[in-house]
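Me: I'd like to go through this model and ask, for each label, how we know it applies. Can you set each value against its cut-off for me?

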Amino acid sequence: MRLLRGLPAELRDALTLERGERVLSTAPTRGGSHVAATTTALHLPTPEGGFTRVPWERVDHATWKDGWLHVQETSRAEHHVRLTDPGSVPEIVRERVTATIAVSHQAVLPGGGKVRIAGRRPTTGGDVRWTFVFDAGLDPSDPGLRAEAEQVLEDLRRQTGL
């Protein structure tokens with residue numbers, strides 16, 4: 001049984017937590033929903049009234065500006081949520097995302113353009129997960145570009161031992 005006492009009713013009824021996941025902070029949104037920061041993920045409201053669960057290791061970057069929480073996932077999906085009373089959510093987001101980063105490296109690719117390679121550790125444990133974030137305008141599905149990035153990753157793994 002999950003202990004969700006003290007949470008707003010909307011969260012208690014709609015939030016689905018994984019085993020061992022605990023809510024660290026919540027914040028109301030301008031739309032009447034809530035954002036929940038947990039030990040393993042950020043739960044963001046959807047237009048349908050549910051929540052999108054974004055594990056911390058999948059958050060590429062997040063910013064807090066002028067009352068808005070902006071989150072970009074490593075998949076490039078973006079979320080923009082207006083918080084009416086942020087509480088500790090922005091600080092927890094920063095701390096949790098930073099804690100997952102094992103290595104972050106930006107490289108210039110032989111064919112031109114840049115890629116940022118990040119090695120992230122899931123908060124639930126396990127092996128480092130690697131992601132590529134290519135400069136805007138580069139096609140991440142281009143096999144030649146992927147091969148160049150994979151070679152940079154192999155060199156990085158050799159250097160770091162990860």
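Reply: Sure, and let's start with a definition: axes are lines fitted to C-alpha atoms, for helices over the stretch in contact, and angles run from 0 to 180 degrees between N-to-C directions. Keep in mind that this is a predicted model.

Me: With that in hand, what does helix α2 lie across, and at what angle does it run to β1?

Reply: Helix α2 (residues 89–100) lies across β1, β2 and β3, and its direction is about 135° from that of β1.

Me: What makes the order of the sheet β1-β2-β3-β4 an open one, and which are its edge strands?

Reply: The four strands follow that order with antiparallel pairing. The edge strands are β1 (23–28) and β4, as each of them pairs on one side only. On average, neighbouring strands here are turned by 15° against each other, direction ignored.

Me: How do you know that β1 and β2 pair?

Reply: Two strands pair if there are at least two bridges between them. β1 and β2 (residues 34–38) have five, in the antiparallel sense, so they pass that test. For a spot to look at, Ala 27 stands opposite Val 35 in β2.

Me: What about β5 and β6: over how many bridges do they pair?

Reply: Six bridges, again in the antiparallel sense. Trp 64 stands opposite Leu 69 in β6. The two strands form a hairpin with two residues between them, and Asp 66 in the turn has a positive phi of about 50°.

Me: On to the loops. Why is Thr 46 called buried?

Reply: The cut-off for buried is under 20% relative accessible area. Thr 46 comes in at 18%, so it counts as buried. The residue is found in the loop between β3 (41–45) and β4 (51–55). Leaving aside neighbours within four places in sequence, it is in contact with Phe 51 and Thr 52.

Me: And Thr 124, is that buried or exposed?

Reply: Exposed: its relative accessible area is 59%, and the label needs over 50%. Thr 124 is in the loop between β9 (114–120) and β10 (129–134). Its C-alpha is 9.7 Å from that of Pro 55, though the two are 69 residues apart in sequence.

Me: What makes the contact between Glu 18 and Arg 53 a salt bridge?

Reply: The rule asks for a side-chain nitrogen of Lys or Arg within 4 Å of a carboxyl oxygen of Asp or Glu. For Glu 18 and Arg 53 the N to O distance is 3.2 Å, so the pair qualifies. It links distant parts of the chain, with Glu 18 in the loop between α1 (9–14) and β1 and Arg 53 in strand β4, 35 residues apart. By this rule the count comes to seven salt bridges.

Me: Which residues are linked in a network of salt bridges with Arg 53?

Reply: Glu 18 and Glu 21. Arg 53 also forms a salt bridge with Glu 21, where the closest N and O atoms are 3.6 Å apart. This pair spans 32 residues, from Glu 21 in the loop between α1 and β1 to Arg 53 in strand β4. As for accessibility, Glu 21 is buried at 7%, whereas Glu 18 at 42% is partly exposed. Arg 53 is partly exposed too, at 22%.

Me: Why do you say that the pair of Glu 73 and Arg 58 ties parts together?

Reply: Glu 73 lies in strand β6 (residues 68–73) and Arg 58 in the loop between β4 and β5 (59–65), so the salt bridge joins parts 15 residues apart in sequence. Their side chains meet at 2.9 Å, N to O. Glu 73 is buried at 7%, while Arg 58 is partly exposed at 34%.

Me: Last one, helix α3: how do you know that its span agrees with the expected one?

Reply: At 1.5 Å a residue, the 18 residues of α3 (residues 143–160) should span 26 Å, and the end C-alpha atoms are 25 Å apart, so the two agree.

Me: Which residues of α3 are buried, and why do we put them on the same side?

Reply: Leu 145, Ala 149, Val 152, Leu 153 and Leu 156 are the buried ones. They cover an arc of only 105° around the axis, and therefore sit on the same side of α3. What covers them includes β8 (101–108), β9 and β10. The face turned away from the buried side carries the exposed residues Pro 143 and Arg 158.

Methods: Residues are numbered from 1 along each chain as its sequence is written. This is a predicted model: local features need pLDDT of at least 70, side-chain atom pairs count only at pLDDT 80 or more; totals for chains, interfaces and linings use all residues. Side-chain values use heavy atoms; hydrogens and water are left out. Buried means under 20% relative accessible area, exposed over 50%, partly exposed in between (1.4 Å probe, protein chains only). Contact means heavy atoms within 4.5 Å. The expected span of a helix is 1.5 Å times one less than its number of residues. The arc is that of the directions from the helix axis to the C-beta atoms.
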